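Please take a moment with the sequence and the structure below, and then follow the explanation from one part of the chain to the next.

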Amino acid sequence: MIRILPPTLINRIAAGEVVERPASVVKELVENSLDAGATRVDVVLEQGGKNRISIIDNGKGMSYDELLLAVQRHATSKLPSDDLLDIRFLGFRGEALPSIGSVSRMSITSRPQHTENAWQIGIDGGDVREPIPATLAGGTTIDVRDLFYATPARLKFLKTDRAEVGQVVDMLKRLAMAHFSVAFSLDSDGKKMLQFAGAPDRLTRLRDVMGREFAENALELSHTRENARLTGFAGLPTFNRGTSSEQYLFVGGRPVRDRLLLGALKGAYQDVLAHDRHPVVALFIELPRSEVDVNVHPAKAEVRFRDSANIRGLLVGAIKNALAEAGFRASNTVGAGALERLAQTPSYHYSPSYSSNYAYSPQSNFSMQETAQRAFEPLFAPEMTPPLARPAHELQNNDYTSFPLGAARCQLHKTYIVAETNDGLVIVDQHAAHERLVLEKMKIALEQTGIARQKLLIPEVVPLDEATAEAIISRADELLELGFAIESFGGGTVIVRETPAMLGEVDVHGLVRELADNIMEYGETLALRAKIEELSGTIACHGSVRAGRALNVSEMNALLRQMEQTPRSGQCNHGRPTYIELKRKDVETLFGRRG
Ligand SMILES: Nc1ncnc2c1ncn2[C@@H]1O[C@H](COP(=O)(O)OP(=O)(O)OP(=O)(O)O)[C@@H](O)[C@H]1O
Ligand SMILES: [Mg+2]
């Protein structure tokens, strides 16, 4: 028998999609507050929101009649023109309140501005009660108790209180980033979890939400492509995370977790981060309302772009540019992390009270404002620009101390270059740095002129096994493009006649064997060019500046200067830093000369 379902059941079915957990209730209700023009929104949770969720706003409020309408399904004040491509508010379906009311005990108290009375309407598991007079200074207060009491199956899926609070915190942070001028707070079982004052601009709000560390280790973006605009901040690759939870994306003021955007983000960083590391970003995309469909996901977490290729290009292009311009800059947490590890090393016999005030604050001498300015200005202030007025050969080593990576002073363990700068010291992992330089050079050469080869004085015969030799020879054309002239020499051996000139002297045997291993691993289908990041690591490993090779001062300086000029050289191909900088005051801190 086919029948039309009763309204309460219809609402519960809708709630199944819209209201997954306390965080989704908070999202819907806070979005309503924002749509109502609130400048302050306070959220209160009890037991992770399972017992109670309250949202208090100072928005425009609802009258008696509006309250009755608001809890009806498909009743909305936000679609005056019937045009789904002209959505000006966060809400548009008229679904949130009836859905939440069908699975909880909800009360809405509201008093529109310039009216005498407040009214309260109740809705219990879908049963709507006549509004009664109430007292309220203004705005709207919504109380949601016993969430999912009417749908016990859903209740069982909820996680621990702590986990649910975590989800609410994340949701509220996202909404706060998108609406920087609105004040927000979150209380959970009497504890203040979040508190943001209304901010004058987005940067201030981002710093409040994401922390100063992010602000100091992020690059500012501002790009337009066709009619789409991208602004925000992209974290430096060395400031990476083990999960993607700190990727905050917004489209038209809406927080989204859109697959297209997340994919583009991965692409933008793929050069500079290992596969299991994730960048930290806060990116805002604005585009004409008719260019984006927000009605494609029950919780509005995804959107559909009319021209998705343009959006992808915008995001990837903006980030790649910014990273390339950042050059050798690595995050300042790299030095701080090193200091912290030093301070924790048991072999340092500090008295406990002494080491406990070891918290490192890289810019503690600066006011917040100065710090912010410093964080977002280009790395080279004009007066810091290297004094290249004089030809390079006239420069004495001491002149290099005013260069960003300083003057090379010595090499330790044939692995680390120690350089002196005007106000500190720099330690470079020569192997990691070299690997990066090789990759960047190879990429440019591949695109432009092709990789220059140099003939070996005596060609080298490398014995492999039959299958491996065959695999390598089948890729001979591609290897030639990468700078290797390799031919078959019969009986499971190959002969190497030329190697990439940029590598200098190479360990041909080691290199060819490892290349062969790589090739066997990739199989036949994958172009070697596409694997250039991994291959360059292998190739750099056998080049002349690998770890374990002694370098003289001019070789070391040459490496430092190359790093300064090479895009993305602040991190190796896996997102690890290629150098660490300690400011003089950091060193003084280590010795207890400063607190
Ligand atoms: N905090 C609030 N202050 C003032 N009016 C509100 C508030 N919350 C809801 N309303 C009114 O109640 C209506 C219904 O809200 P509801 O969230 O159910 O639907 P919506 O926001 O219009 O659409 P959506 O289902 O997409 O969220 C809104 O259109 C709005 O007019
Ligand atoms: Mg709504």
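**A walk through the predicted model**

K414 has a relative accessibility of 45%, and because buried means under 20% and exposed means over 50%, this residue counts as partly exposed. It should be said at once that the model is a predicted one. K414 sits in the loop that links β16 (407-412) with β17 (416-421), and its phi is near 50 degrees, which is a positive value in a residue other than glycine. A second loop residue can be described in a similar manner: E226 is found between β9 (218-225) and β10 (228-235), and E226 has a positive phi of about 50 degrees although it is not a glycine. With a relative accessibility of 64%, however, E226 counts as exposed, because that value is over 50%.

From these loops we can step back to the chain as a whole. The chain contains 20 helices and 22 strands, and of its 595 residues, 50% count as buried. Its accessible surface comes to about 28,500 Å², with 52% of that belonging to carbon and sulfur atoms. Among contacts between residues at least 6 apart in sequence, 70% join residues that are at least 24 apart.

Strand β7 (residues 183-188) gives an example of a covered element, since six of its six residues are buried. In a regular strand the side chains alternate between the two faces of the sheet. In β7, A183, S185 and D187 lie on one side and F184, L186 and S188 on the other, and all of these are buried, so that both faces are covered. What are the partners of this strand? Strand β1 (residues 40-46) pairs with β7 in the parallel sense over six bridges, and within this pairing V43 has L186 as its bridge partner. Strand β8 (residues 191-196) is joined to β7 by five bridges and runs antiparallel to it, with S185 standing opposite Q195. The hairpin of β7 and β8 has two residues between the strands, and there D189 takes a positive phi near 45 degrees.

Turning to the helices, we find that α7 (residues 202-210) has R205, L206, R207, V209 and M210 as its buried residues. Just after α7 comes G211, which takes a positive phi of about 95 degrees. Further along the chain, L535 has its place in helix α18 (residues 532-541), and because its relative accessibility is 0%, L535 counts as buried. Leaving aside neighbours within four places in sequence, L535 is in contact with L482, L515, N518, Y522 and L528. One of these, N518, is 17 residues away along the chain, yet the C-alpha atoms of L535 and N518 are separated by 7.6 Å.

The last stop is ligand 1, which has 22 residues around it, and of these N32, T76, S77, K78 and K300 come nearest. The residues of this shell divide into eight nonpolar, eight polar and six charged. Some polar atoms of the protein can be placed beside oxygen atoms of the ligand: a polar side-chain atom of E28 lies 3.5 Å from one oxygen atom, an N or O atom in the side chain of R93 is 2.9 Å from an oxygen atom, and a backbone N or O atom of G94 also lies 2.9 Å from an oxygen atom. Taken alone, ligand 1 exposes 590 Å², and the protein buries 95% of that. The elements that give two or more residues to the shell are α2 (22-35) and α4 (96-102).

Key:
Residues numbered from 1 in each chain as written. Chains lettered and ligands numbered in written order. Predicted model: local features only at pLDDT ≥ 70, side-chain atom pairs only at ≥ 80, totals over all residues. Heavy atoms only, no water. Near = heavy atom within 4 Å. Polar contact = N/O pair within 3.5 Å; in protein donor to acceptor, adjacent residues only side chain to side chain. Areas by Shrake-Rupley, 256 points an atom, 1.4 Å probe, with all protein chains shown as cover. Helix = DSSP H or I, 4+ residues; strand = E, 2+ residues; numbered from the N terminus. Nonpolar A, V, L, I, M, F, W, Y, C, P; charged D, E, K, R; others polar. Buried < 20%, exposed > 50% of the residue type's maximum accessible area, 1.4 Å probe, protein only. Contact = heavy atoms within 4.5 Å. Pairing = 2+ DSSP bridges.
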